[in-house]
Amino acid sequence: MTDTAKFELAGKDFDYPVLSGSVGPDVVDIRKLYGQTGAFTYDPGFTSTASCRSEITYIDGDEGVLLHRGYPIGELAEKSSFMEVAYLLLNGELPSQDELDGFSRTISRHTMVHEQLATFFRGFRRDAHPMAIMCGVVGALSAFYHDSTDIHDPQQRMIASHRLIAKIPTIAAMAYKYSVGQPFLYPDNSLSYTGNFLRMTFGVPAEQYEVNPAIERAMDRIFILHADHEQNASTSTVRLAGSSGANPFACMAAGIACLWGPAHGGANEAALNMLHEIGTPDRIPEFIARAKDKNDPFRLMGFGHRVYKNYDPRATVMQKTVREVFETLNVSDPVFETALRLEEIALSDPYFIEKKLFPNVDFYSGVILSAIGFPTSMFTVLFALARTVGWVAQWNEMITDPDQKIGRPRQLYTGPTQRSYVPVGER
Ligand code: ACO
């Protein structure tokens, strides 16, 4: 490709530099476009716009590739651990054994939350959605940890990052415990990051909780699969919130709010609800017909992706993990059979083939989380827990990027032109 893009507007020619990344499509640098031409670009949903430079995650949607710092997601899910992936995302390289041990130790030292935060929980209704609690409590961390809110101090940024990664499982487990009316459990730092979370969620003070290693491994893998996904809606929200200089706890709360939506993190909850509604494979054609009907707003939840137009590599790992968990627990679930059949039918249907709609990571994650024992309302919370690592890494990268500016998109104004105010009695 040439290193300049030609642009013509109102009979005048303009040249814009073309930037190349290490891999992936080139990018036309239009930062001077408005200053030189007086025109903006129009790109709702940012489908053609790179909002930043990033070295963290690369996705090739057509090829179904997802790399974290260059490492394929399949390899990481297979061979790595969530703590190792967290280190990788934050620091750019895989850790040595000593570095990994040190990082895991640091994270476990921060797993407890301020005791007064427990009181804060009690202000919520018992039937509050745990994501509502997460938005509130994570935002409230900035009121408890003043000493790590100076974003200009690298040391404070690091402490805030470690605190967020360490405390989010504790807060997520507390949100669950609160909803079922059981006492909160303090973290047990002798356990792994994921084992500790499982114990805080499913353990009770009256009994010894044994972490099932197979479930621990599956859960850890689910966390790896959700750890980061470049500039998705919630990550862009975290970056946009952070671009104004807001503290990291507040930024993460903004990310959690965005993730909650059914088109994003809420999709696995919606996908499982849909699978339950379908119930048995014989009802699949009815739902496929609805998904194809332009007059029906129904969509196959867990299908389609803004970026992946071939397959979602995370969905492949997730499907395999469901099988493993079912074998370990020695259970079968008709919902999983429905999911497999639905995937098969949809993938041979011309509508889904033409529109390049494939199962995304959320299609199978609900099935597995439900088998592990999580209620559907906790699914997006688990996503938020894992994605905190990505949000934190992306937020840190943004803060240290010399090109970083406050995010301020422009608009195509289509409202009324200037007019004079008419007093209310004369309208
Ligand atoms: N079921 C039926 N039709 C669909 C679906 C679906 N799940 N997804 C997209 N389509 C159709 C649309 O109706 C549209 O048809 P048209 O061109 O005839 O108007 C076409 O495919 C393109 O869809 P868009 O919504 O324009 O695609 P976009 O890239 O903006 O949306 C999205 C991606 C939001 C994920 C969409 O596929 C969707 O709503 N899927 C269901 C929700 C879901 O699973 N979300 C999880 C995303 S992954 C994640 O957050 C981890």
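Among contacts in the protein chain between residues at least 6 apart in sequence, 69% join residues at least 24 apart. The model is a predicted one, and 47% of its 427 residues count as buried. For a chain of 427 residues, a compact globule would have a radius of gyration near 22 Å, and the 23 Å found here agrees with that. The C-alpha trace spans about 75 × 65 × 60 Å along its principal axes. In secondary structure, the protein chain comes to 18 helices and six strands.

Helix 7, covering residues 154-180, rewards a closer look. At its N-terminal end, D153 acts as the cap, with a side-chain oxygen 2.9 Å from the backbone nitrogen of Q155. The 27 residues of this helix should span 39 Å at 1.5 Å a residue, and the end C-alpha atoms are indeed 39 Å apart. Along the way, helix 7 bends by about 35 degrees at K167, and a proline, P169, follows within four residues. Because 21 of its 27 residues are buried, helix 7 is largely enclosed by the rest of the structure. After the helix comes G181, which has a positive phi near 75 degrees.

Turning to the strands, three of them form an open sheet in the order 4-5-6, with antiparallel pairing. Strand 4 (57-60) and strand 6 (71-72) are the edge strands, each pairing on one side only. Strand 5, residues 65-68, runs antiparallel to strand 6 and is joined to that strand by two bridges. Within this arrangement, H68 stands opposite Y71 of strand 6.

Terms used
Residues numbered from 1 in each chain as written. Predicted model: local features only at pLDDT ≥ 70, side-chain atom pairs only at ≥ 80, totals over all residues. Heavy atoms only, no water. Pairing = 2+ DSSP bridges. Expected span 1.5 Å × (residues − 1). Bend = angle between axes of the 7 residues up to and from the residue. Buried < 20%, exposed > 50% of the residue type's maximum accessible area, 1.4 Å probe, protein only. Polar contact = N/O pair within 3.5 Å; in protein donor to acceptor, adjacent residues only side chain to side chain. Rg over C-alpha atoms; globule rule 2.2 N^0.38 Å. Contact = heavy atoms within 4.5 Å.
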